[in-house]
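Colleague: Please show me the structure, and let us then discuss how its descriptions are justified.

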Amino acid sequence: MTSQGSHADWVRVRVAGKVNLALRSGGRGPDGYHQLATVFQAVSIHDEVLVRDAAPGHFPVTVTGEQADLVPTDDTNLAVRAARLLAHEYGDPRRHGAEIVIRKAIPVTGGMAGGSADGAAALLACSYLWDLDVAPEELAALGQRLGADVPFALAGQTALGTGRGDELVPVLSRGSYHWVLAFADFQLSTPAVFRRFDQMYPDRDPAPPPVPQELLEALASSDPVALGRHLVNDLQEPALAMQPSLRRLLAEGMAFGALGAIVSGSGPTCAFLTSSESTAVDLSVHLGGLGLCRAVRRVVGPVAGARLVS
Ligand code: C5P
């Protein structure tokens, strides 16, 4: 730590949300988790996490932006948990504290790993704030302890996740993909969707089915038509069973000409793949007019993971 006052300013980190292009799940394991084979893509909707020094052991958090009122500001907040964990493992918990501001744009409990993104951003931001010498793979290992999606929020781009979805290898992805995201005015809890999955498929093998080879080939050859055809999400049927209105939303997108339509992660956000920016504009206007969603937003992917911006 350098002299007093040099850390008075905020450290700011930007972090992207994700969609799962493929999410294959095995049956519930003895630890309560599901083994996954999933392809993540980071997309251009970003939260920001700002941190600055606070009194030792103090981690006050303020949340602004969309759906801010839905984010807990107690010690269950993932950014707070991340900061505490980092201070404990790599810093000096008697010396470190952080004031945290989260600017939300990624939907809350929306299937886009928004909470995990904030945890990832807080790990990175606090490692700068406290001048800690933490290698990227060490941050990822801390991230794993916070939640299955945190390592991907640090890494960004396109990656294959196995284990709980937290053991990552990069996926070769050429080109940029244009998505329309439709945000619901309700939430779906990930554990609840997994429980519904367990009820629907009680005899599921614990090992997940493979990610379609055609999907990986589509990414490698920059083929959005083939990608759209091979999008797959084993949590989609359970999510639709819990919120049937999403089925109509997906069908409307496909009828309008989307190359593919899928529930993102455990939902309820739906992601529609389009062939170009202009078709994405047309589709977003159409979906926005249906009255089936809270908001519609165009994004591109892949984009970078958590990054320092000041
Ligand atoms: O890891 P994270 O806390 O983000 O996961 C939230 C919940 O989602 C877990 O408590 C678990 O119920 C479920 N989950 C799962 N299998 C995974 C990832 C998450 O069952 N691979």
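**The ligand and two buried residues**

Modeller: With three residues, α5 gives the most to the shell around the ligand; helices (H or I, at least four residues) and strands (E, at least two) are DSSP runs, numbered from the N terminus. This is a predicted model, in which local features need pLDDT of at least 70 and side-chain atom pairs count only at pLDDT 80 or more, while totals for chains, interfaces and linings use all residues. Residues are numbered from 1 along each chain as its sequence is written, and side-chain values use heavy atoms, with hydrogens and water left out.

Colleague: What makes the approach of H34 to the ligand a polar contact?

Modeller: An N or O atom in the side chain of H34 is 2.7 Å from an oxygen atom of the ligand. A polar contact is a pair of N or O atoms within 3.5 Å, so this pair qualifies.

Colleague: What does R164 place beside the ligand?

Modeller: A backbone N or O atom of R164 lies 3.0 Å from a nitrogen atom of the ligand, so this pair too is a polar contact.

Colleague: Why is Q67 called buried?

Modeller: Its relative accessible area is 14%. Buried means under 20% (1.4 Å probe, protein chains only), so the word applies to Q67. Q67 lies in the loop between β3 (61–65) and α1 (78–90), and its phi is near 60°, a positive value in a residue other than glycine.

Colleague: Is A113 buried or exposed?

Modeller: A113 is buried, because its relative accessible area is 14%. A113 belongs to the loop between β4 (98–104) and α2 (114–129).

Conventions:
A polar contact is a pair of N or O atoms within 3.5 Å; within protein, one must be able to donate a hydrogen and the other to accept it, and residues adjacent in sequence count only if both atoms are side-chain atoms. Buried means under 20% relative accessible area, exposed over 50%, partly exposed in between (1.4 Å probe, protein chains only).
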